[in-house]
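I opened this entry to record what I looked up in the structure, one topic at a time.

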Amino acid sequence: LKQYEAKQFEQAIVTFQQVVDKSPGNYAALYNIGLCHYSLERYEMAIDLFKRVIKINPDYTVAYIQLGNSLDY
């Protein structure tokens, strides 16, 4: 997503949230929202999102990695 790449994290969150609103099980969009919150140093929100991603798809390895990174703060 160009917004994320341009570090426009707030706008990216809105875009990804629209995807989640239409498809609540879209773990990739939830993961990306978590990445945005992580980039904005909102670690608690990121942690919650990465945990949700893991519940939806326990095989999504990068969510565990980002969860660990978030817990370091």
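Before turning to single residues, I note the cut-offs: a residue is buried when its relative accessible area is under 20%, exposed when it is over 50%, and partly exposed in between. The model I consulted is a predicted one.

Entry 1: Histidine 37.
I asked first whether histidine 37 is buried or exposed. Its relative accessible area is 6%, and the cut-off for buried is under 20%, so I entered histidine 37 as buried. I located histidine 37 in helix α3, which spans residues 27-39. Setting aside residues up to four places away in sequence, I listed Ile13, Arg42, Met45, Ala46 and Leu49 as the residues that histidine 37 touches.

Entry 2: Overall architecture.
I counted 5 helices and 0 strands in the protein chain. Read from the N terminus, the order of elements is α-α-α-α-α. I then checked the radius of gyration: a compact globule of 73 residues would have a value near 11 Å, and the protein chain has 11 Å, so the two agree. Along the principal axes, the C-alpha atoms fill a box of roughly 25 × 25 × 15 Å. Of the contacts with a separation of 6 or more, I found that 41% join residues 24 or more positions apart.

Entry 3: Burial and surface.
I noted that 34% of the 73 residues are buried. The protein chain exposes about 4,600 Å², and carbon and sulfur atoms supply 52% of that area. For the charges, I looked up 7 positive and 8 negative ones, whose mean positions lie 6 Å apart.

Entry 4: The nonpolar core.
Which residues have the most contacts inside the largest nonpolar core? I recorded Phe16, Tyr31, Ile33, Cys36 and Phe50, in a core of 19 residues. The elements that give two or more residues to this core are α2 (9-22), α3, α4 (43-56) and α5 (61-71). I followed tyrosine 31 further: beyond the residues up to four places away in sequence, tyrosine 31 touches Phe50, Val53, Tyr60, Val62, Ala63 and Gln66.

Entry 5: Serine 70.
I found serine 70 in helix α5. Its relative accessibility is 1%, so I entered serine 70 as buried. Leaving aside neighbours within four places in sequence, I listed the contacts of serine 70 as Tyr38, Tyr43, Ala46, Ile47 and Phe50.

Entry 6: Glutamate 44.
I placed glutamate 44 in helix α4. With a relative accessibility of 58%, glutamate 44 counts as exposed. I also took the C-alpha to C-alpha distance from glutamate 44 to isoleucine 56, which is 19 Å for 12 residues of sequence.

Entry 7: Positive phi angles.
Most residues other than glycine have a negative phi. I therefore looked for departures from this rule. Lysine 7 is not a glycine, yet its phi is positive, at about 60°. I traced lysine 7 to the loop between α1 (2-5) and α2. At 63% relative accessibility, lysine 7 counts as exposed. Glutamate 41, likewise not a glycine, has a positive phi of about 65°. Where is glutamate 41 found? I traced glutamate 41 to the loop between α3 and α4. Its relative accessibility is 57%, and I therefore entered glutamate 41 as exposed.

Technical notes. Residues numbered from 1 in each chain as written. Predicted model: local features only at pLDDT ≥ 70, side-chain atom pairs only at ≥ 80, totals over all residues. Heavy atoms only, no water. Helix = DSSP H or I, 4+ residues; strand = E, 2+ residues; numbered from the N terminus. Rg over C-alpha atoms; globule rule 2.2 N^0.38 Å. Buried < 20%, exposed > 50% of the residue type's maximum accessible area, 1.4 Å probe, protein only. Contact = heavy atoms within 4.5 Å. Areas by Shrake-Rupley, 256 points an atom, 1.4 Å probe, with all protein chains shown as cover. Lys, Arg positive; Asp, Glu negative; His and termini not counted. Charge placed at Lys NZ, Arg CZ, Asp CG, Glu CD. Core = buried A, V, L, I, M, F, W, Y, C linked by side-chain atoms within 4.5 Å.
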